[in-house]
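Biologist: Could you pick one part of this model and walk me through it slowly? I'd like to see how the pieces next to it fit in as well.

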Protein chains: 2
Amino acid sequence: MKIYDFTLAPNPRRLRIFVAEKGLKIPYEQVDIFTGKNRTPEMLAKNPAGGLPLLELDDGSHLAESVAICRYLEALHPEPNLMGKDSREQAVIEMWNRRIELGLFAAAGRAFQHTNELFKGRLKQFPEYGATQHEAATQQLQWLDEQIGNKPFIAGDRFTIADITAEVAVDFGTQMAGLKLDPALKNLARWHKAVSSRPSAKA
Amino acid sequence: MKIYDFTLAPNPRRLRIFVAEKGLKIPYEQVDIFTGKNRTPEMLAKNPAGGLPLLELDDGSHLAESVAICRYLEALHPEPNLMGKDSREQAVIEMWNRRIELGLFAAAGRAFQHTNELFKGRLKQFPEYGATQHEAATQQLQWLDEQIGNKPFIAGDRFTIADITAEVAVDFGTQMAGLKLDPALKNLARWHKAVSSRPSAKA
């Protein structure tokens with residue numbers, strides 16, 4: 001197995017944190033998205049959607065989409081469990097993972113793409129639209145603070161893939177999309193400090 | 001069990017088709033998104049994210065997010081299998097489901113939201129941005145035609161949740177977001193005719 005990775009992009013980081021939490025040693029190979037190395041004919045033959053991360057299996061086949069790769073690794077290496085121990089818990093964790101991904105993570109991504117210099121020339125930017133997405137992401141942070149409440153983690157009492165998605169979304173949003181972590185959002189701040197102190201946060 | 005549903009919205013249709021393919025009889029209760037009935041205090045207590053569909057379990061608890069609900073129903077009613085029989089197949093189907101959801105389905109949704117009269121006053125519309133999303137969705141249809149190739153279905157040789165997401169995305173995109181199904185995309189047209197002729201398509 002190996003993983004095609006790009007350390008500066010948020011979706012590959014989701015998988016790296018997952019792999020680190022599992023304690024797995026899988027080799028990484030860097031593919032530079034900024035210079036289009038993910039869209040060479042060779043890479044598109046491996047993943048016609050062109051995205052990263054990408055898992056290469058020992059039989060030469062490939063799996064794309066970070067969450068799909070995580071689910072495959074979870075089946076091969078069930079412990080520590082990150083995606084649910086029974087069908088009910090699996091559904092609750094998937095619900096939370098999707099809420100974060102389609103809410104905070106997606107809004108932060110669109111804010112970044114439509115306002116950041118890095119995306120000039122890569123797509124037609126609409127900075128005013130980007131500003132609405134920045135505002136939407138900020139509202140998602142407030143909502144997440146309410147939803148975390150007194151829970152230790154996003155989906156309940158233990159660290160799961162939903163925390164990984166939220167951690168990557170918050171770090172990406174604050175580092176790349178101009179989001180601020182308001183200290184008044186005490187639940188979110190406490191949760192962020194806890195996940196950031198795990199060794200996997202450096203992945 | 002019951003399902004809070006809204007027949008005019010695409011995500012609830014994903015679940016209705018899934019339920020129909022499983023042959024399940026679960027009662028539906030309509031919640032009108034257009035008049036904000038999904039965001040009453042009573043409904044937000046059931047689903048703080050405010051979206052539909054929403055599954056109510058017999059113990060009074062709730063599960064949100066269409067794909068999470070589908071996965072839970074798949075565990076309760078494994079046949080006919082719609083999400084993969086082993087970990088490898090599950091990952092491949094999830095990969096395809098996500099590619100369609102984050103590509104075609106999301107782009108069609110943004111085209112709709114930023115160009116359709118229905119969304120005037122519901123969000124700040126950027127019609128020029130909507131046009132870029134219409135173009136992106138059109139490109140996704142071309143890509144999907146290539147990817148289907150000679151395969152009977154999106155993820156391989158049988159109907160899965162990835163076909164449901166694609167079917168809903170295509171129907172929603174053509175009916176609500178101005179997408180056209182180009183007859184020159186013969187693989188896509190053949191696939192769309194096949195999935196549309198299933199009884200579940202009426203769900």
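Modeller: Let's take a pair of helices: α4(A) and α5(A) cross in the left-handed sense. Bear in mind as we go that this is a predicted model. In chain A, α4 covers residues 87-115 and α5 covers residues 127-148, and the two pack at an angle of about 155° with their axes 8 Å apart. An angle over 145° counts as roughly antiparallel, so α4(A) and α5(A) fall in that class.

Who touches whom? On the α4(A) side you'll find G103(A), L104(A), A107(A), A108(A), R110(A), A111(A), H114(A) and T115(A). Facing them from α5(A) are P127(A), Y129(A), G130(A), Q133(A), H134(A), A136(A), A137(A), Q140(A), L141(A) and L144(A). Sort that contact by class and you get 10 nonpolar, 7 polar and 1 charged residues.

Now flip over to chain B and look at its own pair. There, α4(B) and α5(B) pack at about 155°, and their axes lie 8 Å apart. That puts α4(B) roughly antiparallel to α5(B), and their crossing is left-handed. From α4(B), the contact takes in G103(B), L104(B), A107(B), A108(B), R110(B), A111(B), H114(B) and T115(B). The α5(B) residues they meet are P127(B), Y129(B), G130(B), Q133(B), H134(B), A136(B), A137(B), Q140(B), L141(B) and L144(B). The classes here come to 10 nonpolar, 7 polar and 1 charged residues.

How do the two chains relate? Turn chain B by 180°, with a shift of 0.0 Å along the axis, and it can be laid on chain A with an RMSD of 0.0 Å. That's the relation of a two-fold axis. Keep an eye on Y129(B), which we just met in the contact between the helices: of the residues of chain B, Y129(B) comes closest to the rotation axis, with its C-alpha at 4.0 Å.

That brings us to the contact between the chains, where 26 residues of chain B and 26 residues of chain A take part. On the chain B side, the elements giving two or more residues are β4 (62-64), α3 (66-76), α4 (87-115) and α5 (127-148), so both helices of our pair are in that list. The largest share on that side, 8 residues, comes from α4(B). By class, the side of chain B that touches chain A divides into 14 nonpolar, 4 polar and 8 charged residues. And 100% of the interface residues of chain B are also interface residues in chain A, so the copies meet through the same surface.

Since β4(B) turned up in that list, let's follow it back into its sheet. Chain B has an open sheet of 4 strands, in the order β2-β1-β3-β4, with mixed pairing. The edges belong to β2 (28-30) and β4 of chain B; each has a single partner strand, so one side of each is left without a neighbour in the sheet. Neighbouring strands are turned by 25° against each other on average, direction ignored. The partner of β4(B) is β3(B), residues 54-56, joined to it antiparallel by 3 bridges, with L54(B) opposite A64(B). L54(B) is also the bridge partner of Y4(B), as β1(B), residues 2-5, pairs with β3(B) in the antiparallel sense over 3 bridges. At the other edge, β1(B) and β2(B) run parallel, again with 3 bridges, and D5(B) has Q30(B) as its partner there.

Back in chain A, where we began, 4 strands form an open sheet in the order β2-β1-β3-β4, and the pairing is mixed. Here β3(A) and β4(A) pair antiparallel over 3 bridges, with A64(A) as the partner of L54(A). Y4(A) is a nice residue to click on: its bridge partner in β3(A) is L54(A), and its bridge partner in β2(A) is E29(A).

Technical notes:
Residues numbered from 1 in each chain as written. Chains lettered and ligands numbered in written order. Predicted model: local features only at pLDDT ≥ 70, side-chain atom pairs only at ≥ 80, totals over all residues. Least-squares fit on C-alpha atoms with pLDDT ≥ 70 in both. Contact = placed C-beta atoms within 7 Å. Nonpolar A, V, L, I, M, F, W, Y, C, P; charged D, E, K, R; others polar. Pairing = 2+ DSSP bridges. Axes fitted to C-alpha atoms, helices over the stretch in contact; angles between N-to-C directions. Parallel < 35°, antiparallel > 145°, perpendicular 65-115°, else oblique. Left-handed = near helix turned anticlockwise from the far one by under 90°.
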